Amino acid sequence: MRHPFRTLALACALFLAACSGGDASSEPNANQIGTTANPLIYEISSADGGVEGWLLGTIHALPDGVEWRTPALEEVVLTADLLLVEIADVTDRNSNAETFQRLATTQGLDPLWMRVDPELRRPLDTLVNLSEIPPERFRSIEDWAAAIMLSRADALGSPQNGVDRAVIGEFQDREVRGLETTASQLAIFDDLSSDDQRDLLEGTVREWTASRDNPGWLIQAWATGDETVLEEATSTGILADAGLREALLVGRNRNWVAQLETDLALQPRPLIAVGAAHLVGPDGLAAMLEARGYTVRRME
C-alpha cells in the first residue's frame with residue numbers, strides 16, 4: 001500500500017536536522033504507534049572483514065514515550081569512538097533560529113496567497129491558520145522557508161525527542177562532529193531557483209491536503225526500519241523532481257561519502273547517525289559505501 005506523505009515534513013524528520021526546531025502542534029499516543037523498535041543500523045566492514053564503523057538512521061522528531069533503543073543500538077553507542085551527525089549544533093535553538101531568519105527573510109514579497117496557484121489558496125489559508133503563525137509574518141518570508149514553516153503545522157512529534165539529539169547526549173565524553181552546519185543545510189533551500197522554491201511551497205500544500213488520514217505512517221516506517229517504505233518516500237512526491245532530489249538528498253550523500261571514506265580509513269571508529277532517508281536506496285549512503293568496496297550489513 002502506498003503511504004501518503006508530505007515531502008517537507010519528511011525532509012525535516014528524516015534528512016534535514018536544521019529544519020526540526022520548534023515544538024510539535026499535536027502529539028500521538030506513543031502506544032498507538034504499534035511497532036516493535038528496529039530502526040536502521042548497519043555495520044560497515046572493510047574488504048578484509050574488519051569493522052570500520054556503523055550507520056544509524058535517525059529521525060529528528062518523535063512523540064513522547066516512543067521506545068526506540070534496541071540492544072544492537074546500545075552496543076554500538078557504547079563501542080563507537082566518535083559520533084558523526086548531520087549538524088553538531090542541532091540543540092542550539094537560538095542560533096539556529098537566527099540563521100533561519102537571516103536566510104529566510106526578504107522584504108517586499110507578495111502576500112503568500114498570491115504566490116501559489118489559485119486552486120491552492122483555500123487549503124493554504126487553512127494550513128496557515130493551523131500553524132498559528134500570523135499571516136502577515138509570511139509577507140517577508142521566502143517561499144522555501146514558508147514551506148518549511150507550514151510543513152510543521154500539524155506534524156507529529158517533538159524535536160526535543162529527536163534521535164540525533166539523544167545520541168549526541170550519549171557522546172558527551174567523546175568527539176562529536178558535524179558533516180554540515182545549520183547554515184549550510186538551510187542554504188540548500190535558499191539556493192534553489194525561484195521555480196523550485198514555488199514548487200516546494202505548492203507541493204507542501206497539496207501533500208498536506210492528501211496526507212491527513214494517516215499522520216503517523218512516517219514514525220511507524222522509521223521505527224520498524226521499513227527500507228521499502230522509506231526508499232519510496234525519497235523518490236516520490238516533490239522528491240520525484242530530479243533537481244530537488246539532487247539538491248536535498250543525493251548531492252549531499254555524495255559529499256558525505258567522500259568525507260566518510262577518510263574517516264573510515266582511520267582509527268577511531270565512528271558511529272554515523274544521519275536521517276534515515278540518507279541510508280536507503282541506490283543513492284543512499286549504504287549503497288555508495290558498498291560501491292567503494294565496503295561491506296554494509298544491517299544489524300538486527
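Modeller: Two rings of Phe, Tyr or Trp (for Trp, its six-membered ring) make an aromatic pair if their centres lie within 6.5 Å, and the pair is called stacked if the planes are under 30 degrees apart, edge-to-face if they are over 60, and tilted otherwise. What we have here is a predicted model, in which local features need pLDDT of at least 70 and side-chain atom pairs count only at pLDDT 80 or more, while totals for chains, interfaces and linings use all residues. Residues are numbered from 1 along each chain as its sequence is written, and side-chain values use heavy atoms, with hydrogens and water left out.

Biologist: How many aromatic pairs does a search of the whole structure find?

Modeller: The search finds two. In one of them, Phe-100 and Trp-144 meet edge-to-face, with 5.6 Å from centre to centre and 75° between the planes. This pair links distant parts of the chain, since Phe-100 belongs to helix H3 (residues 93–104) and Trp-144 to helix H5 (residues 143–151), 44 residues apart; helices here are DSSP runs of H or I with at least four residues, strands are runs of E with at least two, and both are numbered from the N terminus. The rings of Trp-144 and Phe-189 have centres 5.9 Å apart and planes at 15°, so that pair is stacked. Because Phe-189 lies in helix H7 (residues 182–190) and Trp-144 in helix H5, the stacked pair ties together parts that are 45 residues apart in sequence. Phe-100, Trp-144 and Phe-189 thus appear as one aromatic cluster.

Biologist: Is Trp-144 buried or exposed?

Modeller: A residue is buried at under 20% relative accessible area, exposed at over 50%, and partly exposed in between (1.4 Å probe, protein chains only). Trp-144 has a relative accessible area of 0%, so Trp-144 is buried, and Phe-189, also at 0%, counts as buried as well. Around Trp-144, if residues up to four places away in sequence are not counted, the contacts (heavy atoms within 4.5 Å) include Phe-100, Leu-103, Ala-104 and Leu-186. Helix H5 itself is mostly covered, with nine of its nine residues buried, among them Asp-143, Met-149 and Ser-151.

Biologist: Which residues touch the most other members of the largest nonpolar core?

Modeller: In general, nonpolar side chains of soluble globular proteins tend to be buried together. A nonpolar core is a set of buried Ala, Val, Leu, Ile, Met, Phe, Trp, Tyr and Cys residues joined through side-chain atoms within 4.5 Å. The largest core here has 101 residues, and Leu-14, Phe-15, Leu-55, Trp-144, Phe-189 and Leu-271 touch the most other members. Helix H11 (residues 242–265) gives the most to this core, with eight residues.

Biologist: In what order do the six strands of the open sheet stand?

Modeller: Strands of a sheet pair through backbone hydrogen bonds, either parallel or antiparallel, and two strands count as paired if DSSP finds at least two bridges between them. The order here is S4-S3-S5-S2-S1-S6, with mixed pairing. Strand S4 (175–180) and strand S6 (295–298) stand at the edges with a single partner strand each, so one side of each is left without a neighbour in the sheet. Strand S1 (residues 41–45) and strand S2 (residues 51–58) pair in the antiparallel sense over five bridges, and Ile-41 has Leu-56 as its bridge partner in S2. By contrast, S3 and S4 run parallel over five bridges, with Leu-84 partnered by Arg-177 in S4, and S3 is also parallel to strand S5 (residues 270–275), over four bridges, where Val-85 stands opposite Ala-273. In strand S3 (residues 82–87), six of the six residues are buried, so this strand is largely enclosed by the rest of the structure.

Biologist: What is the mean pLDDT of the chain?

Modeller: pLDDT is the predictor's confidence in each residue, from 0 to 100. The mean for this chain is 88, and 91% of its residues reach 70 or more. Over residues 24–32, however, the pLDDT is below 50, although this stretch has 24 contacts in the model beyond near neighbours in sequence. Where pLDDT is low, the predicted coordinates should not be read in detail.
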